[in-house]
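Subject: Structure for you to look at

Hello,

Here is the structure we talked about. Please open it alongside this note; my findings follow.

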2 protein chains.
Amino acid sequence: MITSTANPRVKELVLLGKKAKERKEQGVFLAEGKKMFEEAPKDWIRSLYVTESYLMEEGNQDGLLGTEYEILSDSVMKAVCNTQTPQGVLAVLTMPKWEFQEIAGRKDGCFLFLEDIQDPGNLGTMMRTAEAAGISAVILSSQTVDLYNPKTVRATMGSIYRIPCFMEQDFAGAVRRAKEEGTKIYAAHVSGGKMYDEPDYKTKCGFLIGNEGRGLSDNALALADECVRIPMEGSAESLNAAIAAAVLMYEANRQQRR
Amino acid sequence: MITSTANPRVKELVLLGKKAKERKEQGVFLAEGKKMFEEAPKDWIRSLYVTESYLMEEGNQDGLLGTEYEILSDSVMKAVCNTQTPQGVLAVLTMPKWEFQEIAGRKDGCFLFLEDIQDPGNLGTMMRTAEAAGISAVILSSQTVDLYNPKTVRATMGSIYRIPCFMEQDFAGAVRRAKEEGTKIYAAHVSGGKMYDEPDYKTKCGFLIGNEGRGLSDNALALADECVRIPMEGSAESLNAAIAAAVLMYEANRQQRR
């Protein structure tokens, strides 16, 4: 059992929780908690850490079968976890590699393009909603908060394992490639010319959502085939970015079900 | 200028930021930041605190015209604010008093009933979305996180000033009163019998949304006229509560626009 935060493996875990650069260099990220561990694809697991109390809880041993693990003391687990009351299990996982060109080239699909989202919880919530709404892939601009930030990972509630997500150095290029493959791009904008429920989303489409504070950049807006607006009653000026994305994705889902 | 956190007024501000009980007893809450101050109804302002740098910024003096204020040093402002980088203005506001019976008795309306929401940011986001979607009022169960928590206030982005919101000791009673006044109640539930976009929301209606972890209680479910489900693609098990509420509220908005 590791009982000291001075242990080199513990130091590395702390680093992986805090530094996007470190995660990127090693190609791994952290997943905390029982649900996140149990839903993780088994071949992504690089290493696993548990507490004694986690091992003693009924049923938890079964979930570990065949996976090697290291035991951490409660205080060490707390030091490496990002949550106030850790559930006693922490996995180091390999980052997935998805192929955007392949997904963009399919006959159908609905994509979510996120430009410079800054809040880790917002990004995780958008991934979670994207899976539930049946989105094919999520594409992130390079200035978006790190997808593998522990807060983001947790907020995805496991969707990070299942929905292809791409961090694109050339965000505009990715939007253009999707367009070349027949995707119609709709930008969410408060002064959009059409209501968001007017266009036909039953064919291949993509939604462009901008940063929480500034919205979409002019460059991104220029890439859109159409700007759509979500109606604002009262004196509300805008919606939270994750809410705006959800309203659009579920409108596409609603149309596709009919 | 107040420069010490030992000042009794500063101590009281800290208390008002931290303790729901203190806010309730005094009937006041805190609003931080320029937007929240400028949008606040002028007759709600009980007292106002600014920093010297806030006063010096162009245009800010104009916004203060006629309002008495006290100057706080930057470090004192930081100590009383809940944000990492305070904007230099903090208002103490009187809690509004709305009359639920009057609103519930109107001919039309769409209500949001929230049971035991725990995350302050989620609650604030729901208030913000409710205003934008044209909801008439939001009703909170007594176990819901405090509406006047500074994080919630901030996340409402000003909607807290405009959308009537009620904390009900007798939540079930409030739902029943709304029903007696002709409101049809729809509960969001993963195993609801109807898709959320099937019912007609063009007449008086209300949505019941449950706690982030456990969903709606059996008691609350029993009050619903109908349970509706939002489709879940992939392996997603649920949506974030604020997202589920948004999808329902904007479906009602969409139908009412047609």
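Gly182(B) follows helix 10 of chain B, and its phi is positive, near 90°. Helices here are DSSP runs of H or I with at least four residues, strands are runs of E with at least two, and both are numbered from the N terminus.

This is a predicted model, in which local features need pLDDT of at least 70, side-chain atom pairs count only at pLDDT 80 or more, and totals for chains, interfaces and linings use all residues. Residues are numbered from 1 along each chain as its sequence is written, while chains are lettered from A and ligands numbered from 1 in the order in which they are written.

Helix 10 itself covers residues 171-180 of chain B. Its buried residues are Phe171(B), Ala174(B), Val175(B) and Ala178(B). Seen down the helix axis, they fall within an arc of 100°, so they line one face of helix 10 of chain B. The arc is that of the directions from the helix axis to the C-beta atoms. The face turned away from that buried side carries the exposed residues Gly173(B) and Glu180(B). A residue is buried if 20 or more other C-beta atoms lie within 10 Å of its own, exposed if 12 or fewer, and partly exposed in between, with C-beta atoms placed from the backbone.

Next, the two chains. In all, 26 residues of chain B are in contact with 26 residues of chain A. Contact means that the C-beta atoms of two residues, placed from the backbone, lie within 7 Å. On the chain B side, helix 8 (120-133) and helix 12 (241-257) each supply at least two residues. Helix 12 of chain B gives the most, with 8 residues. By class, this side of chain B has 11 nonpolar, 8 polar and 7 charged residues. Nonpolar covers Ala, Val, Leu, Ile, Met, Phe, Trp, Tyr, Cys and Pro; charged covers Asp, Glu, Lys and Arg; the others, Gly among them, are polar.

How does chain B relate to chain A? A turn of 180° and a shift of 0.0 Å along the axis lay chain B on chain A with an RMSD of 0.0 Å. That is the relation of a two-fold axis. The same surface serves both copies, as 100% of the contact residues of chain B recur in chain A. Copies are superposed by least squares on C-alpha atoms of residues with pLDDT of at least 70 in both.

Helices 8 and 12 of chain B also pack on each other, at an angle of about 5° and with their axes 10 Å apart. That makes them roughly parallel, a term for angles under 35 degrees (over 145 is roughly antiparallel, 65 to 115 roughly perpendicular, the rest oblique). Axes are lines fitted to C-alpha atoms, for helices over the stretch in contact, and angles run from 0 to 180 degrees between N-to-C directions. Met126(B) and Ala130(B) are among the helix 8 residues in this contact, and Met249(B) and Tyr250(B) are among those from helix 12. The contact has 9 nonpolar, 4 polar and no charged residues.

Two single residues to finish. Arg258(B) lies in the segment after helix 12 of chain B. With 6 C-beta neighbours inside 10 Å, Arg258(B) counts as exposed. Leu221(A) lies in helix 11 (residues 218-223) of chain A. With 16 such neighbours, Leu221(A) counts as partly exposed.

Best wishes
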